[in-house]
Amino acid sequence: MTHPTDGPVAVLGLGTMGAGLASRLLAQGISVRVWNRTPERAEPLVRAGAVGAGRPSEAVEGTSAVICTVSDGDALRTVLRGPDGVLSRGTYPGALICASTVAPEEVVRLAEDVPSVMDVGMLGNRDHARDGELRLFVGGEERVFAAGRPLLEMLGKEVVHLGALGSGMRMKLLLNLLMGIEVQAMAEAAELAAVSGLDKQLVLRTIAGSGFASPVMSFKSRRLATGHFDEPDFRLRLMAKDLMLATEQAAAAGLRLPLTAAAAQTHARATEQGLGDKDCAAVIRAVTSEQGTHA
């Protein structure tokens, strides 16, 4: 079996996380081929030593592994099965690593066409990706995971094999579910503070320094305090997508998740308001009172 570190690695999708992963691989001395729907995203990586490609099918030529970090299921299907996709010229013989957050069933279907598939839920931000400090939660066959582990260990400080294909996506959806609810809860508390006559900045500092706050809440409290949601760490529309995927997974299992469903609705509303490409902390603008401009 070909090992994912035996040859060049392709990274498809150069958003926040994809660019960080490609940078990390280059720093580790791995030959990297890159593709992005908007080619200018690839330029800094090409200057750093990566080989740019005009099509996904070209990017994966001669590679031993491909990492997909596109935004959603539609983008993943296009990258893999579209006219210029990875599978447009037949099956891919290397390891296909799906690091895009999609429905677990999407990943399971990939195994029909590719002999070696893993799905990886990534926990961390752009700096963690660049510095090899991610925590990676992996689904896939044991033989595939064992072969791919050296590559994954270049990318993450913790690599956990959860089990069957789709497990990585299930873990990622659970983690993003918590993040979405926590950030919205803090946004709601901040807005209640504002309309109640409390100092919103003081309240956010108090929450961030309390035992009630998770690390992500402490981090996002600074976004909420400043109201600066450009240059996002995690786009709001992606959070909306992940919360909806979580509710769909629950519904398919006959499970009600009232908090998740409510958060999904709020994030969908924020996306409809044009906030989708802002940082996910911009959800505060969807809970702001109609009369106020507290955000």
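**Exercise 1.** Which element gives the largest share of the lining of the second largest pocket?

*Solution.* The structure is a predicted model, and the first step is to list the residues around this pocket. The second largest pocket holds about 190 Å³ of space, and its lining consists of Pro104, Arg170, Leu173, Leu174, Leu177, Ala246, Gln249, Ala250, Ala253, Leu255 and Leu257. The next step is to assign these residues to elements: helix H8 and helix H11 (236-252) are the elements that give two or more residues to this lining. Of these, H8 provides the largest share, with four residues. Sorted by class, the lining of the second largest pocket has nine nonpolar residues, one polar residue and one charged residue.

**Exercise 2.** Determine how helix H8 is oriented towards helix H12, and which residues of H8 and H12 meet.

*Solution.* Begin with the axes: those of H8 (residues 167-195) and H12 (residues 258-275) come within 10 Å of each other and cross at roughly 70°. Because angles of 65 to 115 degrees count as roughly perpendicular, H8 is roughly perpendicular to H12. Then turn to the residues in contact, where H8 contributes Leu177, Gly180, Ile181 and Gln184, while H12 contributes Leu259, Thr260, Ala262, Ala263, Thr266 and His267. Taken by class, the contact of H8 with H12 has five nonpolar and five polar residues, and no charged ones. Leu177 deserves a second look, since this residue takes part in the contact with H12 and also lines the second largest pocket.

**Exercise 3.** Find how many cavities of 30 Å³ or more the model has, and describe the lining of the largest cavity by class.

*Solution.* The count comes to one cavity of 30 Å³ or more, and the volume of the largest cavity is about 40 Å³. Its lining is made of Leu21, Ile67, Ile97, Ala99, Val120, Met122, Leu136, Leu152 and Leu155. Among the contributing elements, strand S6 (116-123) and helix H7 (142-155) each supply at least two of the lining residues. The classes then give nine nonpolar residues, with no polar and no charged residues in the lining of the largest cavity.

**Exercise 4.** Describe the surroundings of Lys241, naming its side-chain partner and the residues it touches.

*Solution.* First place the residue: Lys241 lies in helix H11. Its side chain is joined to that of Asp242 by a polar contact of 2.8 Å. Finally, when residues up to four places away in sequence are not counted, Lys241 touches Ser71, Asp72 and Thr101.

Terms used:
Residues numbered from 1 in each chain as written. Predicted model: local features only at pLDDT ≥ 70, side-chain atom pairs only at ≥ 80, totals over all residues. Heavy atoms only, no water. Axes fitted to C-alpha atoms, helices over the stretch in contact; angles between N-to-C directions. Parallel < 35°, antiparallel > 145°, perpendicular 65-115°, else oblique. Contact = heavy atoms within 4.5 Å. Nonpolar A, V, L, I, M, F, W, Y, C, P; charged D, E, K, R; others polar. 1 Å grid on protein atoms, 1.4 Å probe; cavity = no way out; pocket = protein on both sides within 12 Å on 5 of 7 lines; lining within 4 Å. Points joined across faces, edges and corners; volume = space filled by probe spheres on them. Polar contact = N/O pair within 3.5 Å; in protein donor to acceptor, adjacent residues only side chain to side chain.
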